[in-house]
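Colleague: I should like to learn how to read a structural model feature by feature. May we go through one together?
Modeller: Certainly; let us place it before us and begin with the strands.

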Amino acid sequence: MTQFSRRAILATGAAAFATSFLPGRARASDVRLTVSSIWGADKPFQKVVDAFNAKGLGVQVENRFDGDYEAATAKALAGIAAGKAPDLMVTGWKFGYFARRTLGARDLRQIDEARAAAIMENFRPSLVPLVTIDQALIGLPWAMSTPITFINSQLWAEAGLSPDLPENPDTDWLYDAGRKLDAALKGHATYRSALALSNNEWTSQSFIQNAGGFIIDPEGRLALESDAARAGMEAFCAPAHEGLWLPVSGKEQDAAFEAGALAICTTSSTRAVSFPQGPAKAITAKFPGLAGHARNMNSGGNFLAVYTQEAERAQAALSFLEFCASKEGQMIWSEVGYLNTSTHEIPLINAFMAPAEAQLQDGLSAETIWPGKRGLEGQGIWRNWVTRMLTKEVSVAEGLKQASAELALVLAD
């Protein structure tokens with residue numbers, strides 16, 4: 001890592017300089033940066049910040065918890081308008097275009113090309129495109145998850161299903177298992193629903209991509225009205241329409257699975273930290289593909305970007321990113337349960353993460369990156385239409401048509 005010192009310190013002379021750089025001590029002369037994040041002081045990200053601050057490099061970082069991705073992004077937008085942008089921010093993949101075009105996320109290479117190149121050597125080359133927007137390198141591929149399948153092992157055994165799970169499950173296998181679970185577990189003390197595929201914009205994207213389609217294609221065009229998108233959404237909605245899945249919010253879904261009310265749940269691989277430890281005693285498998293189609297799984301998570309426009313502060317921000325990219329920083333960060341995006345040898349947090357790691361090795365696309373100045377609204381619009389299709393308020397074909405029309409108006413700005 002590069003040691004950072006302010007010009008003001010240098011002007012005070014050698015003796016003062018030597019005194020001020022005692023390791024692990026915050027000084028009034030330190031550059032003090034704010035990183036807007038989605039994690040509070042009780043999470044591993046705070047440990048990363050604390051370990052960096054203890055280095056005594058002339059830079060001190062404050063981790064400011066700003067809520068979820070949407071709340072943090074909205075707060076950053078308001079702060080920028082008021083001339084108070086965060087120095088760095090944990091930004092969801094889905095807001096990549098919005099971060100660059102509207103919030104002004106910095107191209108790390110324009111801050112310092114050599115330092116940026118050295119930082120990125122710590123990450124898997126296949127992930128660099130995920131943090132490259134409009135030819136600008138806008139951050140570190142910091143946190144990466146992917147949806148996988150969690151199975152309540154106790155309900156699975158009670159229904160008499162085989163403990164041997166397929167290496168690459170598909171929806172035919174999963175939905176057949178759901179039907180058998182539903183038939184066997186009626187009247188069970190806790191059982192409520194065979195399946196929960198996560199009522200959100202993320203896992204619906206997985207189904208569309210696994211059918212060979214896109215929400216937004218590689219050229220940046222809406223592609224919801226394609227035959228492949230319709231096939232993917234029809235497969236996604238099928239168990240809800242059949243009565244095997246009762247769509248609820250994410251928090252309700254997770255609580256239900258942990259309480260033993262759900263037999264199968266597809267959700268973020270980060271749940272591998274907690275789900276297997278609860279009453280469900282979860283076992284894990286890859287996310288279901290669609291028979292006859294190549295798997296094309298998406299990731300979730302975030303990148304760590306620099307937003308300050310001040311040259312000196314931007315250089316200081318790179319010092320923090322250097323630590324985040326180092327093996328020491330990555331080892332601390334690995335406690336949270338995200339996939340290892342770095343080139344460092346870091347063991348999986350537990351064996352339940354193995355299907356997620358296998359999906360990473362297979363190759364992951366980004367979650368939908370919403371373009372346009374109003375891209376922040378795109379996710380909410382799509383999520384709303386996903387719910388309406390799941391609950392049969394509209395047909396899949398009509399829902400995709402209307403979602404596409406509404407999104408086209410918002411994303412055109």
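Colleague: In which sense do strand E3 and E11 pair, and over how many bridges?
Modeller: Please keep in mind that this is a predicted model. Strand E3, residues 88-92, pairs with E11 in the antiparallel sense, and five bridges connect them. Within this pairing, Val90 stands opposite Leu304 of E11.

Colleague: Which strand is joined to E6 by four bridges?
Modeller: That strand is E11, residues 300-306, and E6 and E11 run antiparallel. One can locate the register from Ser145, whose bridge partner in E11 is Gly300.

Colleague: How should one read the two faces of a strand such as E11?
Modeller: In a regular strand, side chains alternate between the two faces of the sheet. In E11, Gly300, Asn302, Leu304 and Val306 point one way, while Gly301, Phe303 and Ala305 point the other way. These residues are all buried, and E11 is accordingly described as mostly covered, with seven of its seven residues buried.

Colleague: Is strand E6 largely enclosed or open, and why?
Modeller: Six of the six residues of E6, which covers residues 140-145, are buried, so the strand is largely enclosed by the rest of the structure.

Colleague: What does the sign of phi tell us, and where should I look?
Modeller: Most residues other than glycine have a negative phi. Asp134 is not a glycine, yet has a positive phi of about 50 degrees. Asp134 lies in the loop between strand E4 (132-133) and strand E5 (136-137). Its relative accessibility is 37%, so Asp134 counts as partly exposed.
Lys392 also has a positive phi, of about 65 degrees, although it is not a glycine. Lys392 is found in the loop between helix H16 (375-390) and helix H17 (396-411).

Colleague: Is Lys392 buried or exposed, and why?
Modeller: The cut-off for exposed is over 50% relative accessible area. Lys392 has 53%, and is therefore exposed.

Colleague: Is Asp182 buried or exposed, and where does it lie?
Modeller: Buried means under 20% relative accessible area. Asp182 has 14%, so it is buried. Asp182 is placed in helix H9, residues 171-185. Not counting residues up to four places away in sequence, Asp182 touches Tyr191, Ala194 and Leu244.

Colleague: How far apart are Thr343 and Asn122 in sequence and in space?
Modeller: They are 221 residues apart in sequence, but 5.5 Å apart in space, C-alpha to C-alpha. Thr343 belongs to the loop between helix H14 (327-333) and helix H15 (354-362). Leaving aside neighbours within four places in sequence, Thr343 is in contact with Glu121, Asn122, Phe123 and Arg124. With a relative accessible area of 43%, Thr343 is partly exposed.

Colleague: What share of the contacts joins residues at least 24 apart?
Modeller: Among contacts between residues at least 6 apart in sequence, the share is 76%.

Colleague: How does the radius of gyration of the protein agree with that of a compact globule?
Modeller: For 413 residues, a compact globule would have a radius near 22 Å; the protein has 23 Å, which agrees. Along its principal axes, the C-alpha trace spans about 80 × 45 × 30 Å. Overall, the protein has 17 helices and eleven strands, and buried residues make up 56% of the 413 residues.

Colleague: What supplies the exposed area, and how are the charges placed?
Modeller: The protein exposes about 16700 Å², of which carbon and sulfur atoms supply 52%. There are 37 positive and 44 negative side chains, and the centres of the two sets lie 5 Å apart.

Technical notes. Residues are numbered from 1 along each chain as its sequence is written. This is a predicted model: local features need pLDDT of at least 70, side-chain atom pairs count only at pLDDT 80 or more; totals for chains, interfaces and linings use all residues. Side-chain values use heavy atoms; hydrogens and water are left out. The radius of gyration is taken over C-alpha atoms; the globule rule is 2.2 Å times the number of residues to the power 0.38. Buried means under 20% relative accessible area, exposed over 50%, partly exposed in between (1.4 Å probe, protein chains only). Contact means heavy atoms within 4.5 Å. Accessible areas come from the Shrake-Rupley method with a 1.4 Å probe; for residues, only the protein chains shown count as cover. Lys and Arg count as positive and Asp and Glu as negative; His and the chain ends are not counted. The place of a charge is taken as NZ of Lys, CZ of Arg, CG of Asp or CD of Glu. Two strands pair if DSSP finds at least two bridges between them.
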